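Please walk through the helix packing in this structure, and then place two histidines relative to the helices and strands.

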Amino acid sequence: MTSTHGRRRLHLAAALDRRSVYGADEFVAAARLAERGALDFVTLGDSLARPGPDALAVLSRVAPATRRVGLVPTVTTTHTEPFHVQAAVATLDWVSRGRAGWRIEVSTTEGEARLFGRRHAAPADALWQEAGEVADVAARLWDSWEDDAEIRDAATGRFVDRGKLHHVDFTGSAFSVKGPSIVPRPPQGHPVRVVDATDRAARAVAARYADVALVRTALPARAAAAREELRASAAAHGRDPDDLRVLAALDVDLGDGEYAAEPGHGGGGPRATPRGPQYRGGPVDLAELIASWHRDGTVDGFHLTPVEPRRDLERLVNGTVSLLQHRGLFRTFYPGSTLRDHLGLGRPANQYAVGQGAS
């Protein structure tokens, strides 16, 4: 895999999560707002532990209503079939014309296990080991079609060159997959894989398989240490550490932007809360925080979750992002069309195509 090098880019992403919202219109409007700010991608959370719409299905609806912003749903690897998960993510990449990602997550509770009745809950370490295997087999299945496997020869009635389809013959700790996939190789080759690497159990999976790792901390020193650890671990796995983007994940509350920041917030930086690290203050101070953490090499960018979705996303895009753009610290337009383009990541070579270099 190759990276697009040059001046180190700032990467920004935002969560679209909305409680008790099932209609598509709000998600479409929010994604369009993020796209207006040229954000790299938006995420939509999902969990078997709470009611809500299916994140991947919602972003499949958002895809035709947007043009450039990346779309990253959460999809658990626990209690789901790896073959179906990879096919669904590949399909999102096709319908979005190369803008799909996949936030890999696990389901740890007994309540979630009872929804399926196949097995009991397992420790996080075991579930993340399984998640790594799913990430591995997904990449193999995405590669199981070579890029030119489709021939669509009407004269002979041949749709595909079977010599360019490959069995993956993968056996993991809890599943096995023969392949090939039922979906042709995605436009990006591999849709972008995102892992929250805050917890130790997930960090090894992030270092080995993720394109984007999220780290939830209010302390820049801890974020920097996590970034260095992830990059070193990626290198130990034979990866180019420059192919891994590490983003600080913060909740943002911009409701008090007109007033002085509370101690520990605003110009003083984020602080720890029971929900996780949170910034509270104004859009200007948030821009300063983002600029300073990126300038110091603490992280490659930020994934921001609005505390009040409509209000805070609007203030983020129209205030914080606009200021960063005005200062020349963040792009004003998308230089490419795919999520990998936004992140400065190359398109992976197909591991089954003999003699193929990175395309």
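For the helix pairs below, an axis is a line fitted to C-alpha atoms over the stretch in contact, and the angle, from 0 to 180 degrees, is taken between N-to-C directions. Two packed helices are described by the angle between their axes and the distance between the axes. The model discussed here is predicted.

Helix α5 covers residues 124–142. Its 19 residues should span 27 Å at 1.5 Å a residue, because the expected span is 1.5 Å times one less than the number of residues. The end C-alpha atoms of α5 are 26 Å apart, which agrees with that expectation. The helix is mostly covered, with 14 of its 19 residues buried.

One partner of α5 is helix α6, residues 200–209. The two axes come within 8 Å and cross at roughly 15°. Angles under 35 degrees count as roughly parallel, so α5 and α6 are roughly parallel to each other. The crossing of α5 past α6 is right-handed. On the α5 side, the contact is made by A124, D125, W128, G132, A135 and D136, and α6 contributes A201, A202, V205 and Y209. By class, this contact of α5 with α6 holds 7 nonpolar, 1 polar and 2 charged residues. An α-helix has 3.6 residues a turn, so residues three or four places apart point the same way.

A second group of contacts involves helix α9, residues 309–326. Helix α8, residues 283–295, has an axis that comes within 9 Å of the α9 axis, and the two cross at roughly 50°. Which term describes the orientation of α8 and α9 to each other? An angle of roughly 50° falls outside the ranges for roughly parallel, roughly antiparallel and roughly perpendicular, so the pair is oblique. The crossing of α8 and α9 is right-handed. P283, V284, L286, A287, I290 and A291 of α8 meet R315, L316, G319, T320, L323 and L324 of α9. The residues of this contact of α8 with α9 divide into 9 nonpolar, 2 polar and 1 charged.

Helix α1, residues 24–36, also packs against α9. The axes of α1 and α9 come within 9 Å and cross at roughly 15°, and the two helices are therefore roughly parallel to each other. Here the crossing is left-handed. From α1 come E26, A30, L33, A34 and R36, which meet R310, L313, E314, V317 and N318 in α9. The contact of α1 with α9 has 5 nonpolar, 1 polar and 4 charged residues.

The two histidines lie in loops. H120 is in the loop between α4 (110–116) and α5. Is H120 buried or exposed? Its relative accessible area is 63%, and because the cut-off for exposed is over 50%, H120 counts as exposed. Not counting residues up to four places away in sequence, H120 touches E110 and A113. H120 and S20 are 100 residues apart in sequence, and their C-alpha atoms are 28 Å apart in space.

H190 lies in the loop between β8 (176–177) and β9 (192–196). The relative accessibility of H190 is 7%, and because buried means under 20%, H190 counts as buried. With residues up to four places away in sequence left out, H190 touches A139, W142, D143, R185, R340 and P348.

Definitions and conventions. Residues are numbered from 1 along each chain as its sequence is written. This is a predicted model: local features need pLDDT of at least 70, side-chain atom pairs count only at pLDDT 80 or more; totals for chains, interfaces and linings use all residues. Side-chain values use heavy atoms; hydrogens and water are left out. Helices (H or I, at least four residues) and strands (E, at least two) are DSSP runs, numbered from the N terminus. Buried means under 20% relative accessible area, exposed over 50%, partly exposed in between (1.4 Å probe, protein chains only). Angles under 35 degrees count as roughly parallel, over 145 as roughly antiparallel, 65 to 115 as roughly perpendicular and the rest as oblique. A crossing is left-handed if the near helix is turned anticlockwise from the far one by less than a right angle, and right-handed if clockwise. Contact means heavy atoms within 4.5 Å. Ala, Val, Leu, Ile, Met, Phe, Trp, Tyr, Cys and Pro count as nonpolar, Asp, Glu, Lys and Arg as charged, and the others, Gly among them, as polar.
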